[in-house]
Amino acid sequence: MAKPVIPAELLSDAAVHLTPIGVDDLELMRTWRNRDEIRVWFNDGRLIEAQQQQAWYRAYLENPADLMFIVRRTADMKPVGTIALYRIDHDAKRAEVGRLIIAEGKGEGLGYAATSRACLIAFECLGIRTLELDVKRANVAARRIYAALGFKSLPDAGQEAIKMQLLPHHFVSAVRSEA
């Protein structure tokens with residue numbers, strides 16, 4: 001099964017434009033991911049070597065349940081980060097959203113816009129009915145974004161991570177409240 005083609009109108013808004021990752025993006029992604037202030041928020045915070053990134057990309061290309069995007073600022077099309085939909089289960093109509101990195105332009109609403117676009121793709125293009133994510137409790141900025149989009153915290157037993165879930169009707173109301 002190949003990766004789906006996402007309609008262009010779902011990839012862009014006034015703030016961000018998402019482009020599927022390609023081999024030319026790998027070094028930039030690795031550089032961002034290896035920044036101390038970014039990798040602290042990932043479950044595996046170890047530095048990534050170039051060959052590890054290449055191996056990850058080869059596996060990514062073969063995995064139809066994983067979609068990753070470069071986030072570009074619409075105004076200048078400058079790459080500013082990443083967002084992903086992964087563990088996509090078409091039968092259960094579930095997926096995870098995350099791998100959010102905003103390396104440039106923090107505080108400009110780009111994380112919110114990128115996550116909103118990814119949710120829209122999941123619900124409108126992929127037919128997903130439940131989006132989930134794990135976010136570290138200390139990652140207040142990400143938690144604020146997710147809550148603003150309508151994600152609800154689930155009961156959890158974990159100390160470090162919070163599980164959150166978004167259903168389409170919660171997302172729609174969060175998006176409509178922007179207008």
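This is a short walk through one predicted protein model, from the whole chain down to single residues.

Okay, ground rules before we look around. The model is predicted, so local features need pLDDT of at least 70 and side-chain atom pairs count only at pLDDT 80 or more, while totals for chains, interfaces and linings use all residues. Residues are numbered from 1 along each chain as its sequence is written, and side-chain values use heavy atoms, with hydrogens and water left out.

Let's start with the whole thing. The protein chain has seven helices and seven strands. When I say helix or strand, I mean a DSSP run: H or I over at least four residues for a helix, E over at least two for a strand, numbered from the N terminus. Reading from the N terminus, the order is α-β-α-α-α-β-β-β-α-β-α-β-β-α. The radius of gyration is 15 Å, close to the 16 Å that the globule rule gives for 179 residues, so the chain is as compact as a globular protein of that length. That radius is taken over C-alpha atoms, and the rule is 2.2 Å times the number of residues to the power 0.38. If you drew a box around the C-alpha atoms along the principal axes, you'd get roughly 40 × 40 × 35 Å.

How much of the chain is buried? The figure is 47% of the 179 residues. Buried here means under 20% relative accessible area, exposed means over 50%, and partly exposed is in between, with a 1.4 Å probe and protein chains only. As for contacts (heavy atoms within 4.5 Å), take those between residues at least 6 apart in sequence: 60% of them join residues at least 24 apart.

Now the sheet. Seven strands form an open sheet in the order S1-S2-S3-S4-S5-S7-S6, and the pairing is mixed. S1 and strand S6 (152–153) are at the edges with a single partner strand each, so one side of each has no neighbour in the sheet. Two strands count as paired if DSSP finds at least two bridges between them.

My favourite stop is strand S2, residues 66–73, where eight of eight residues are buried. Asp66, Met68, Ile70 and Arg72 point one way from S2, Leu67, Phe69, Val71 and Arg73 point the other way, and all are buried. Who are the neighbours of S2? On one hand there's S1, residues 16–20, running antiparallel to S2 and joined to it by five bridges; Leu18, for instance, has Val71 as its bridge partner in S2. Then there's S3, residues 78–89, antiparallel to S2 over eight bridges, with Thr82 in S3 as the bridge partner of Ile70.

S2 and S3 make a hairpin with four residues between them. Have a look at Met77 in that turn: phi is near 60 degrees, a positive value in a residue other than glycine. Met77 has 36% relative accessibility, so it counts as partly exposed.

Moving along, S3 pairs with S4 in the antiparallel sense over six bridges, and Leu85 stands opposite Val97 in S4. This is a hairpin too, with four residues between the strands, and Lys93 takes a positive phi near 60 degrees there. Within S3 itself, Arg87 has a positive phi of about 50 degrees, although it is not a glycine. At 59% relative accessibility, Arg87 counts as exposed.

What about strand S4, residues 94–102? Seven of its nine residues are buried, so S4 is largely enclosed by the rest of the structure. S4 pairs with S5 (residues 130–136) in the parallel sense over three bridges, and Arg94 stands opposite Thr130 in S5.

Last stop, two loop residues. Asp24 lies between S1 and helix H2 (26–33), and at 75% relative accessibility it counts as exposed. Asp24 and Ile102 are 78 residues apart along the chain, with their C-alpha atoms separated by 18 Å. Asn43 lies in the loop between helix H3 (36–39) and helix H4 (50–61), and it is exposed as well, at 76% relative accessibility. Asn43 and Gln54 are 11 residues apart in sequence, and 20 Å apart in space, C-alpha to C-alpha.

So that's the tour: an open sheet of seven strands with mixed pairing, and S2 with eight of its eight residues buried. Thanks, everyone.
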